[in-house]
Amino acid sequence: MGRVPNVTRADAQAALRNPLAFIAARWTPDPRTVRRAALAALVMSVVIVVTGGAVRLTGSGLGCPTWPKCTEDSLTTTSEMGLHGVIEFGNRLLTYVLCAAVGWAIVAARSQKPYRRSLTLLGWTQFWIVMGNAVLGGIVVLVGLNPYTVAAHFLLSSALIAVATVMWQRTREGDAEPRPLVGKAVQQLVWFLVAASVLLIAAGTVVTGAGPHAGDSSEVPRMPLDWETVTKLHAVLAWIVVTLTFALWFVLKAVDAPKEPLARTRELFLILLAQGVIGYVQYFTDLPEVLVGAHMFGSCVMWIWVLRVLLSLRERPGPAPQPSAVPAQEPATSPSIAGPR
């Protein structure tokens, strides 16, 4: 092992002024490390949604009745608060794990060579969404699990998943101008799919806000809507998303599209079918908590794959490698064979 260089006073001052620049000047991560860091942030953004759902489905939403402390006198849960306090406080602690994962993604992106500003901005966007959602989560507790704040909490988590998905995709691409792989009509169809998916997720939060799983055993206000009607609207939107996905797959096959959009669309269709089965089973079995939790997880996976379908419609090549020196009379590759890059 090589000798560890001494850290001078000037180094320490530089680290305090701009720690990210200090680390970037001394560490260049492997591209796989950057991809793994972005993937870790994405995985944790899904985990925090699923564990947040577990808090609600176990009736632990007010396990810690105040915020930012768990009680008026204790930062952490106490033995008197029982299992509900442990579950709620455990979910709060996972926020720090999420922050660590996002922080690692930011550091890895900032230290990559050459520096990619767009990648670093995606990491910082995740950080500020996490901070905003942490404050919103505190408001949810302080207002006694008001269903509108709970819905906003989930929607902001969906925004976090969207940004994390884009960052993960961008770590596997270059910074060149995006080059479309399909025509305008297909792109417009996918944007319709994205819009319908957003409406589906939003309707899902309304179903939750009007449904029986309030998140606590005490009297928690619900959205003043007929739950059966809202659920049927949610199902209609789900069928619209499924139909658009099937239509997209058919069109992609018809135009002989590249394999990447086809593969992502096929995967999304299978995910939607599985999500639909879970949704109908939970509806006809009076919403068992395990199936509701699985449906929430499926919602996150569906949203990630919708975005993956959208991002698969174009490619962003990295910088072209520098050509090696060859004699002018013997080109390395014939232009007629090489084609456009």
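Biologist: Let's start with R170: is this residue buried or exposed?
Modeller: Please keep in mind that this is a predicted model. The relative accessible area of R170 comes to 6%. Buried means under 20%, so with its 6% R170 counts as buried.

Biologist: Which residue pairs with R170 at 2.7 Å in a salt bridge?
Modeller: Side chains of opposite charge can pair when their charged atoms come close. For R170, the closest N and O atoms of the salt bridge are 2.7 Å apart. The partner is partly exposed, with a relative accessible area of 41%. That partner is D175.

Biologist: Which residues are linked with R170 and D175 in a network of salt bridges?
Modeller: The R170 and D175 pair belongs to a network of salt bridges. Besides these two, the linked residues are R116, E173 and R314.

Biologist: How many salt bridges does a search of the whole structure find?
Modeller: The pair of D175 and R170 is one example, and E88 with R92 is another. Searching the whole structure gives a total of nine.

Biologist: Why are E88 and R92 separated by about one helical turn?
Modeller: The side chains of E88 and R92 meet in a salt bridge, with N to O at 3.0 Å, and both residues are buried. They sit in helix α4, which covers residues 82–111. The separation is about one helical turn because the two residues are four residues apart in helix α4.

Biologist: In the salt bridge of R264 and E260, which residue is partly exposed?
Modeller: These side chains meet at 2.6 Å, N to O, and the residues are four apart in helix α9 (residues 259–284). R264 has a relative accessible area of 11%, so this residue is buried. At 38% relative accessibility, the partly exposed one is E260.

Biologist: Now to the nonpolar interior: which helix supplies the largest share of the largest nonpolar core?
Modeller: In soluble globular proteins, nonpolar side chains tend to be buried together. The largest nonpolar core here has 62 residues, and those with the most contacts inside it are I161, L248, M302 and W303. Several helices each supply at least two residues, including α3 (31–57), α6 (147–170) and α10 (289–311). The largest share, 10 residues, comes from α10.

Biologist: Which residues does M302 touch, leaving out those up to four places away in sequence?
Modeller: M302 is among the residues with the most contacts inside the largest core. Once residues up to four places away in sequence are set aside, M302 touches S197, L200, I201, L268, I271 and L272.

Biologist: How many residues make up the second, separate core?
Modeller: L57, A210, M223 and L287 are included in this second core. Its residue count is nine.

Biologist: Where is H213 found, and which backbone oxygen does its side chain reach?
Modeller: H213 is found in the loop between α7 and α8, and is buried at 16% relative accessible area. Beyond four places in sequence, H213 is in contact with residues including R56, T208, R222 and E289. At 2.9 Å, its side chain reaches the backbone oxygen of L287.

Biologist: What about T120: which residue's backbone oxygen lies 3.3 Å from a polar atom of its side chain?
Modeller: T120 lies in helix α5 and counts as buried, with 5% relative accessibility. Leaving aside neighbours within four places in sequence, T120 is in contact with A109, R110 and Y115. The backbone oxygen at 3.3 Å belongs to R116.

Biologist: Is the disulfide of C64 and C70 left-handed or right-handed?
Modeller: A search of the whole structure finds one disulfide, and in it the sulfur atoms of C64 and C70 are 1.9 Å apart. C64 is buried at 0% relative accessibility, and C70 is also buried at 0%. The torsion about the S-S bond is about -70°, so the disulfide is left-handed.

Biologist: Over which residues does pLDDT stay under 50?
Modeller: The protein averages a pLDDT of 88, and 89% of the residues score at least 70. Where pLDDT is low, the predicted coordinates should not be read in detail. The stretch in question has five contacts beyond four places in sequence. The stretch with pLDDT under 50 is residues 320–341.

Methods
Residues numbered from 1 in each chain as written. Predicted model: local features only at pLDDT ≥ 70, side-chain atom pairs only at ≥ 80, totals over all residues. Heavy atoms only, no water. Salt bridge = Lys/Arg side-chain N within 4 Å of Asp/Glu carboxyl O. Buried < 20%, exposed > 50% of the residue type's maximum accessible area, 1.4 Å probe, protein only. Core = buried A, V, L, I, M, F, W, Y, C linked by side-chain atoms within 4.5 Å. Contact = heavy atoms within 4.5 Å. Disulfide = S-S within 2.5 Å. pLDDT = per-residue confidence, 0-100. Polar contact = N/O pair within 3.5 Å; in protein donor to acceptor, adjacent residues only side chain to side chain.
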